[in-house]
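Visitor: I have a structure open on my screen and would like to be walked through it. Could you take my questions as they come?
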Amino acid sequence: MQQVIIAKDLQYTYESGKRKIEALKGVDFSVKEGEIFGFIGPNGAGKTTTIKLLLGILNPQQGALSVFGQAPTDPKTRQTVGYMPEIADYYRYLTPKELLIMYGNIFGISKNVLHERIEKLLNLVDLEESSGRLMRTFSKGMMQKVSFAQALINDPDLLILDEPTSGLDPVSRKRTREVIQDLKEKGKTIFFSSHELSEVELISDRIGVLYKGELLDSGSAKDLLGGKEEGQSLESYFLKIIGEKR
Amino acid sequence: MKAIWAIAHGVIKELIRKKDFYVLLIFMLVLLGFLSYQTFFQIEGISRYVRDFGYSLVMLFSFIIAVTFTAKQIPSEIGARTIYPLLAKPLSRQKIILGKFLGGTMVSVISFTVFYLIFVGFYMTGGEGKSLVLLGQGFIFGILFLCMVSALVMFFSNFMTLSANITSTFLIYIAMGSVSEALKSNALFFKGIISGLYGFLYYLLPHFEFFDLRIRITHAWDALPLWVVFSVSGYTFLYCFVLLYFSGYVFGRKRF
Amino acid sequence: MKNKHLVIVLVCLTLVSLIAVRIDIYNQAYAACHPKSDAPVFMRFLGEGRSIVSSLSVLQADRYYHGGIEHLPDEHGESCSIVERNYKEHKHHEEHVLPEINPFNILFHIYRAVGLTEHVHLHGDQMKEIIPWLYYASEIDPHNTQAYTLTGYYLCDRLDQVDQGIVFLREGLRKNPDSWEINAELGRIYFQYIKNYEVASKFLSRAWNLIQKVPHDKVQERYVLSFLAASYEFLGRPTDAIPIYKHLNKLFPEDVYKEKIANYTFDVLS
């Protein structure tokens, strides 16, 4: 299977005046085609920095990173990538439909395909009834659904999701999980970060544990928990591995 | 181009959905109506001061829309964190700047067109020396002026906060009328390095006064020669190009 | 617990009421000593800046008279644009010759082409265009006597609106009873247009009394006295006219007053 993401010795340091914060200290990982890769780690671990590097928003200072064999900074690479941010207060004076049209046009999707896809996506995220409402009237959960829909507007081969279920009610969470599974079945690659460890455990093929810019461990949930005490959850494993590092 | 236009289209939607434009439109109608209705010593047909106020209001209100809409484009994307999904799309940062610039310009040009049509309505109802050529030139110069303003604001938004950006642009707009003349006189009067300094400032600052046809339209002066219209257009395109080039460069290197 | 909150709220409300009453008493006492201006809010907001705004409005009227651009007389009494004047000032003060502008200096050429320098004046009915600015100048600052006299002049002399001019000048006089300028202007208009020399002489003699209390030049003196003397002349009061002509003759010996004096002296004697 083709490697969709390859990260080798990925390093990134934020500089603010004389202060230096090492966000990533040589991270290595790869994601295969059709795989769901869950990225977990506490706040400030470097998850968002990794996502920004994957999207070409930041340039790696050291190491190598490729997405579909290309540099993420090249806009063409992003043609087949979908991204859902953790929080985004989408244009409040637009309707979800208008937002999707705008993003669809940026991707250069033809009018007919776009309108058909928008219908499907709004249905998928249960927003068909609110498609003509201005987003300024939307709750956080509804915004999150819009965010999910926009990430799928280009029918991406790689989907990068940052906390995809935060702010959603339990029913919507379940629905989102199902959609992610459906996408996997269609051969899409999914890279996502989450604080919800049980969720990561449920849907990920492989998991990467990031802490203070270092990838502490990676593998399937079984591998990570294998050989450990029976009945141990990902949460207790995570707390343990982080505790050891402290 | 489709991507640039898609971003610009979003900004235009904002103009339609927000109240700013409608407030200014009503304010303008009320003010112009009041001025036209007012009589002085039962003298009929006083028109120049209505034209004067009308043209000034058109330019000022369009300027306000251009500045306020363009200035908040990038900061609001960052504030609402919508910049991330936008940056994750397959378009370069320079195209984002171009899209936002086009949006700001389109928004102000649409507002300007509506305001200008109202002004033309008042202009045509009374007074002497009506010149369609001059009105046409006023329209073209208005559009060019708004392009300049949007480009300048877009450039400033890379370095300044929203309020600092708006204030700086307003100050330049107000000051250029008199500063430009002083700079030019001093550049000609002094010699050597001081003259060079004044000359440099003269060329560096945006010459908003080039676009001001208020006196010509109000007092029915002759229309401008064609070469001036072309020169001012050329000047605007070059100036905007430089500003947008730098904006794109700075925005491209910005860390989000 | 609830009662405690109620007591606190009541105590606060009582204190607020007491303070409000105290402030109100102070305000009333202040208002009794300082009558409130009946000027519109905008005018009150301008405060002392009103005279500046009013003067700017008069200046704007002058610009309108010159086709929208400012013209200031140069040394030879000719008008020129500000741009031209700046160059001339540099020339005179520094003996500096204005350099020729490089033909490739496109910005300067645009500046020259866009800018307006031609010297024009309003004519005939066009004069009405300056009236709004003069009117606003008087509205903004009712003590701007120049605004009243100029409006009076344009209404009566250029726009054939003598009645309106007189009403406006009388309004100006009501607000500025000690203005020699408005008195003189009213006197002139009554003399020149209404031909009511009795009223004209009253305004002009009042203007003459007032002008002596303020700094003035002999041209202004001549303006008042020549109309006053002429009014007396038309009223058949040469004994009142002769001393004024004699005074004018002292001020301007080259003018025609000597002849007038000779004629009147002869008439009176015969």
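Guide: Happy to help; what follows is a set of questions and answers on this predicted model.

Visitor: Which chains touch, and which two chains have the most contacts?
Guide: Chain A and chain C do not touch, and their nearest C-alpha atoms are 36 Å apart. Two pairs of chains do touch. The pair with the most contacts is chains B and C.

Visitor: How much area do chain A and chain B bury between them?
Guide: A good start is the contact list, where 32 residues of chain A meet 24 residues of chain B. In chain A, the residues that lose the most area to chain B are A:I57, A:Y93 and A:I106, together 27% of what that side buries. Carbon and sulfur atoms carry 62% of the buried area, and the total comes to about 2600 Å².

Visitor: Which element gives the most residues to the side of chain A that touches chain B?
Guide: There are 13 residue pairs in polar contact between chain A and chain B, both residues at pLDDT 80 or more. On the chain A side, the elements giving two or more residues are β1 (3-16) and α2. The one that gives the most, with five residues, is α2(A).

Visitor: Which residues share a salt-bridge network with A:E98?
Guide: Between chain A and chain B the count is two salt bridges. In one of them, the side chains of B:R17 and A:E98 meet at 2.7 Å, N to O. Salt bridges with shared partners join A:E98 into one network with B:K13 and B:R17.

Visitor: On α3(A), which residues are buried, and why do they lie on the same side?
Guide: Helix α3 of chain A runs over residues 111-124 and reaches 20 Å from its first C-alpha to its last, close to the 20 Å expected. On the other side of α3(A), A:N112, A:E116, A:E119 and A:K120 are exposed. The buried set covers an arc of only 95° around the axis, which puts its members on the same side of α3(A). Those buried residues are A:L114, A:I118, A:L121 and A:L122.

Visitor: What do the buried residues of α3(A) pack against?
Guide: Two helices of chain A are involved, one spanning 96-106 and the other 140-151. In that order, they are α2 and α4.

Visitor: How far apart in sequence are the parts that A:K188 and A:D155 tie together?
Guide: These two form a salt bridge, with the closest N and O atoms 3.1 Å apart. A:K188 counts as buried at 10% relative accessibility, whereas A:D155 is partly exposed at 41%. A:K188 lies in the loop between α5 and β7 of chain A and A:D155 in the loop between α4 and β6, so the pair ties together parts that are apart by 33 residues.

Visitor: Is B:E14, the partner of B:K72, buried or exposed?
Guide: B:K72 and B:E14 form a salt bridge, their closest N and O atoms being 3.7 Å apart. The pair links distant parts of the chain, with B:K72 in helix α3 of chain B and B:E14 in helix α1. B:E14 has a relative accessibility of 4%, and the cut-off for burial is under 20%, so B:E14 counts as buried.

Visitor: Which helix holds both C:R174 and C:E171?
Guide: Their side chains meet in a salt bridge at 2.9 Å, N to O. C:R174 is exposed, with a relative accessible area of 58%, while C:E171 is partly exposed at 28%. The two are three residues apart, about one turn, and both lie in helix α8 of chain C.

How values were computed. Residues numbered from 1 in each chain as written. Chains lettered and ligands numbered in written order. Predicted model: local features only at pLDDT ≥ 70, side-chain atom pairs only at ≥ 80, totals over all residues. Heavy atoms only, no water. Helix = DSSP H or I, 4+ residues; strand = E, 2+ residues; numbered from the N terminus. Expected span 1.5 Å × (residues − 1). Buried < 20%, exposed > 50% of the residue type's maximum accessible area, 1.4 Å probe, protein only. Arc of directions from axis to C-beta. Contact = heavy atoms within 4.5 Å. Buried area = accessible area lost by both parts, 1.4 Å probe. Salt bridge = Lys/Arg side-chain N within 4 Å of Asp/Glu carboxyl O. Polar contact = N/O pair within 3.5 Å; in protein donor to acceptor, adjacent residues only side chain to side chain.
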